[in-house]
Amino acid sequence: MTVTADTNQHYDLDPELFGEFLDPLRKYSSALYHADTDTLEQAQRQKLRFVADRLAVRGGERLLDIGCGWGSLVVFMAEEFGCTTLGVSPAPRQHEYIALRAATAGVADLVRTEVGHFEHMTLPERHFDAVTMLGSIVHMPDPVAVLRRARAALRRGGHLYLSESCFRNAAARTAFDANDGTEFVREDIFGWGDLRPLSELVAAAEDAGFSIIAVDDLTEHYRRTIEDWIGNVDAAAERIDTHGTGMADKLRHYLEVANAGWGYTTKHYALTCRRAR
Ligand SMILES: C[S@@+](CC[C@H](N)C(=O)[O-])C[C@H]1O[C@@H](n2cnc3c(N)ncnc32)[C@H](O)[C@@H]1O
């Protein structure tokens with residue numbers, strides 16, 4: 001039986017809380033900035049186009065998003081490319097929110113979601129043209145088992161896009177994995193998470209049978225994304241505190257911890273992999 005972790009203490013909070021500091025699509029992962037003047041929303045849309053490009057999406061593909069958050073990617077791919085999308089996540093309130101968004105965008109027939117841990121889901125084999133994991137593998141205790149399942153769901157020639165925050169190397173993990181900031185983010189915010197060095201994710205993808213075709217360094221983009229989120233937390237602090245006493249301070253502290261280590265302790269990468277056979 002594959003082990004799973006519980007992160008609903010964070011992700012199943014009221015979706016409106018996340019609306020206070022994320023972009024209007026509520027994408028909770030790194031954006032991609034092209035210019036100094038880009039807004040958070042523009043940068044998140046650019047990032048979704050970048051993912052589509054890495055996946056070689058042309059239109060009408062079948063796409064599985066593992067750890068779908070509030071549906072930014074599944075709704076975008078349905079709206080922009082007519083993709084048939086399935087989003088999975090263990091947080092029930094995310095699914096209620098996605099159903100509303102998909103209906104408002106007129107793509108309810110293209111967007112489906114399933115509540116639960118991906119590790120325990122039965123999905124059709126060799127069915128999807130593309131699989132995405134943006135910021136979700138950090139919450140999964142057994143990355144090799146997860147990537148084997150992701151590969152099994154892909155058709156031959158299909159692509160996996162995986163982006164994740166990583167320790168910069170094994171030495172940084174040893175030095176920082178148990179410090180106060182890391183523990184606060186892992187325990188008090190998310191409930192569970194295991195930041196790994198990139199080499200471990202690369203080895204997991206290879207062991208699962210993938211052929212790796214691109215590695216992108218998005219570290220500076222995530223730093224700027226989080227700066228934008230912190231600005232939004234400050235601007236909406238009073239409304240955020242209606243979701244719990246001290247909530248704005250708690251969110252700000254976690255975002256500051258995340259932004260303190262980029263480049264030295266931590267990095268943010270996107271891996272693109274292919275199911276070659
Ligand atoms: C950082 S959020 C990223 C959300 C989305 N990918 C985005 O970019 O906006 C991580 C997501 O992974 C989900 N998640 C955590 N553990 C999971 C699991 N075992 N299986 C599927 N999804 C999981 C969380 O509920 C959350 O939706």
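On one side of helix H12, Glu256 and Ala260 are exposed, a residue being exposed if 12 or fewer other C-beta atoms lie within 10 Å of its own, buried if there are 20 or more, and partly exposed in between, with C-beta atoms placed from the backbone. This is a predicted model, in which local features need pLDDT of at least 70 and side-chain atom pairs count only at pLDDT 80 or more, while totals for chains, interfaces and linings use all residues. Residues are numbered from 1 along each chain as its sequence is written.

The buried residues of H12 are Ala248, Leu251, Leu255 and Ala258. Seen down the helix axis, these buried residues fall within an arc of 95°, taken over the directions from the axis to the C-beta atoms, so they line one face of H12. An α-helix has 3.6 residues a turn, so residues three or four places apart point the same way.

The elements covering the buried residues of H12 include the following helices, helices being DSSP runs (H or I) of at least four residues, numbered from the N terminus.

| Helix | Residues |
|---|---|
| H8 | 180–190 |
| H10 | 219–235 |
| H11 | 237–241 |

Elsewhere, a nonpolar core is a set of buried Ala, Val, Leu, Ile, Met, Phe, Trp, Tyr and Cys residues joined through C-beta atoms within 7 Å. The largest such core has 67 residues, of which Met77 and Val131 touch the most other members. Apart from it lies another core, of five residues, including Ala31, Tyr33, Leu40 and Ala43.

How values were computed:
Helices (H or I, at least four residues) and strands (E, at least two) are DSSP runs, numbered from the N terminus. Two residues are in contact if their C-beta atoms, placed from the backbone, lie within 7 Å.
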